[in-house]
Amino acid sequence: MTALAPLPTRKSEAWRYADIAALTRVWDDLAAPEEIAVPAGESRAMIIDTLPPSGIVRFDVTVGDSATFALHALVANADYGRVEIRATLGRGAHFELGGAILGNGDQTLEIVTETIHAAPNGTSNQVVRQVLAGKATGTYMGKVAVARDAQKTDAAQSVKAMLLAPGATANAKPELEIYADDVKCAHGATVGELDKAALFYMASRGLPPEVAQRLMLQAFIADAFVGMGDDAAREAIEAKALGILEGLA
Amino acid sequence: MLKITNLHATVADKPILKGLDLAINAGEIHAIMGPNGAGKSTLANVLGGRPGYEVTDGSAIFDGQDLLDLDPHARAAAGLFLGFQYPVEIPGVSNVQFLRESLNAQRGSRGEAPLSGGDFLRLAKEKAALLKMDMDMLKRPVNVGFSGGEKKRNEMVQMGILDPKLAILDETDSGLDIDALRTVGAGINAIMRSPDKAVLLITHYQRLLDYVKPDFVHVLADGRIVKTGGPELAHQLEEEGYEAVAA
Ligand SMILES: Nc1ncnc2c1ncn2[C@@H]1O[C@H](COP(=O)(O)OP(=O)(O)OP(=O)(O)O)[C@@H](O)[C@H]1O
Ligand SMILES: [Mg+2]
């Protein structure tokens, strides 16, 4: 798929919740997915804390045998924001995704992944947390494909969304396509609201509602970044997320 | 310090408090006992301002202010503390962060300067030691994975740190082992026994009252205070039961 490919429509599963009007404006300028190859045995980590002006980031990553690729992304501050990644894993390779979608107003924000376990003993772990205010729509679509000889694959997906307003929408769509028989694939998806009992408990200790909410949301999205190896980088992206959270609600 | 007059309150449109009167002066310790479902926790929740508890009549004046008019966090800043019958777990938020932000929010609304990280930790250590709670537990997320007794002890550590004027302690003694009960009793005395503070203990058992001697004991039944006496009333209740004593 290159920038000159035809504009996708919502009939295509991977673009099902996309903002096609917004996409039309940027499609011609959009680069083809950035190709990354992680050589066998090596590790690469990518952090996206700000979306480009087009709002769209696309990766096509090949993770070599026993190599690791980690992507941590903050999907926010865009009318239409999308982080899309295809990761093809070699033998014993690992793919880590941590994503936070923080939406407000009429924003449409999404994380779309395709994880291809092409060889045995690969592992993948995807954690996505969404906080949606206003009329924002947040979407996670995560397809995990396990090839016939990719035995002992261990793939995990955890997706949770928190809706701060009745007009906000969360879509979570983990999808498994498994052709091997000895694999472990765990996925969970929940959509909820802030725990009212906890909010009252915090208020009873003197915390104003906005501070109580901020503490709870901060803890909620921290799950997306716990897997980061670099403490300084984690603190930086958490601080950035906190700034955005304070503008929600 | 607290004057409750003719308080009526409903939960989910169901009347629970039905004309409750209670006056608590500074320096006093009051105990409320009463059958299950009488409305004891409802009283605590109404005084704390919990959403869903609607006051339909009556008043509660706390230190000259209309308590029922304040938001829950403003009630805390005014000096009210609720010890929960069922303390709530808050995943991912450490006790230390939670309490420091809470204390500083209270201080801020009273026009006091925030406590620095170092000063706060010193205070937290002192109160944890008073309640014989391990500092490591204070670094863990609020109440997550705590045993029933540990949660109650944590409530008292929080009370020590926040240093309220009036503490309403809802069955803080339930779930405590014998030694923990003694520790918590001593903690309540150390933190709250003072001429300018007061305590309202909600309890089912005389045991706690052996450690924290009440000045007054009330029986709450069917949404009202139906009997008031001295410490001897608790003994009488323990021996004879509510039906005989409060009928
Ligand atoms: N959300 C609710 N909806 C309906 N009824 C409620 C609700 N909360 C409390 N109640 C009812 O209000 C009554 C008083 O409850 P409350 O918890 O105040 O009793 P209590 O005196 O604290 O009892 P216990 O000694 O068992 O703790 C009970 O009958 C209870 O079922
Ligand atoms: Mg109760």
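A polar contact here is a pair of N or O atoms within 3.5 Å; within protein, one of the two must be able to donate a hydrogen and the other to accept it, and residues adjacent in sequence count only if both atoms belong to side chains. In this predicted model, the side chains of Q85(B) and Y86(B) make such a contact, at 3.3 Å.

Q85(B) is a good place to start. The residue sits in the loop between β6 and β7 of chain B, and its side chain also reaches the metal: the magnesium ion, ligand 2, is coordinated by OE1 of Q85(B) and OG of S41(B), at 2.0 to 2.2 Å. These two donors come from distant parts of the chain, 44 residues apart, with S41(B) in helix α1 (residues 40-48) and Q85(B) in the loop that runs between β6 (80-83) and β7 (90-94). As for exposure, the two fall into separate classes. Q85(B) counts as buried because its relative accessibility is 18%, under the cut-off of 20%. S41(B), with a relative accessible area of 23%, is partly exposed. Once neighbours within four places in sequence are set aside, Q85(B) touches S41(B), K152(B), D170(B) and E171(B), so its fellow magnesium donor turns up in the contact list as well.

S41(B) leads straight on to ligand 1. There are 15 residues around this ligand, and those that come nearest are G37(B), K40(B), S41(B), T42(B) and H204(B). Several polar atoms lie close to the oxygens of the ligand. A polar backbone atom of S41(B) is 2.8 Å from one oxygen atom of ligand 1, and a backbone N or O atom of G39(B) is found 3.0 Å from an oxygen of ligand 1. For T42(B) it is the side chain that takes part, with an N or O atom 2.6 Å from an oxygen atom of the ligand. On its own, ligand 1 would expose 640 Å², and the protein buries 65% of that. Two elements of chain B supply two or more residues to the shell, namely β2 (14-24) and α1. Of the elements, α1(B) gives the most, with three residues. By residue type, the shell splits into seven polar, five nonpolar and three charged residues.

Elsewhere in chain B, the loop between β2 and β3 (29-33) holds N25(B). This asparagine is partly exposed, at 42% relative accessible area. Although N25(B) and M1(B) are 24 residues apart along the chain, their C-alpha atoms are separated by 4.9 Å. M1(B) is also among the residues that N25(B) touches, together with H30(B) and A198(B), leaving out anything up to four places away in sequence. One loop earlier, between β1 (2-11) and β2 of chain B, comes A12(B). A12(B) is exposed, with a relative accessible area of 71%, and has a positive phi of about 50 degrees despite not being a glycine. Such a value stands out because most residues other than glycine have a negative phi.

Chain A has a residue of the same sort. N121(A), another non-glycine, shows a positive phi of about 65 degrees. Its place is the loop between β7 (108-117) and β8 (123-132) of chain A, where it is partly exposed at 41% relative accessibility.

Helix α2 of chain A (residues 196-204) has a run of details at both ends. At its start, a side-chain oxygen of D195(A) comes to within 3.0 Å of the backbone nitrogen of A197(A). The helix is followed by G206(A), with a positive phi near 110 degrees. In between, the buried residues of α2(A) are A198(A), F200(A), Y201(A), M202(A), A203(A) and S204(A).

Two further residues of chain A round out the picture. N171(A) lies in strand β11 (residues 169-178) and counts as buried, at 15% relative accessibility. Beyond its neighbours up to four places away in sequence, N171(A) is in touch with Y17(A), Q130(A), T137(A), G138(A), T139(A) and Y140(A). G243(A), for its part, belongs to helix α4 (residues 231-246) and is partly exposed, with 44% relative accessibility. From the C-alpha atom of G243(A) to that of R44(A), 199 residues away along the chain, the separation is 27 Å.

How values were computed. Residues numbered from 1 in each chain as written. Chains lettered and ligands numbered in written order. Predicted model: local features only at pLDDT ≥ 70, side-chain atom pairs only at ≥ 80, totals over all residues. Heavy atoms only, no water. Donors = N, O, S within 2.8 Å, 3.2 Å for Na, K, Ca; no water. Helix = DSSP H or I, 4+ residues; strand = E, 2+ residues; numbered from the N terminus. Buried < 20%, exposed > 50% of the residue type's maximum accessible area, 1.4 Å probe, protein only. Near = heavy atom within 4 Å. Areas by Shrake-Rupley, 256 points an atom, 1.4 Å probe, with all protein chains shown as cover. Nonpolar A, V, L, I, M, F, W, Y, C, P; charged D, E, K, R; others polar. Contact = heavy atoms within 4.5 Å.
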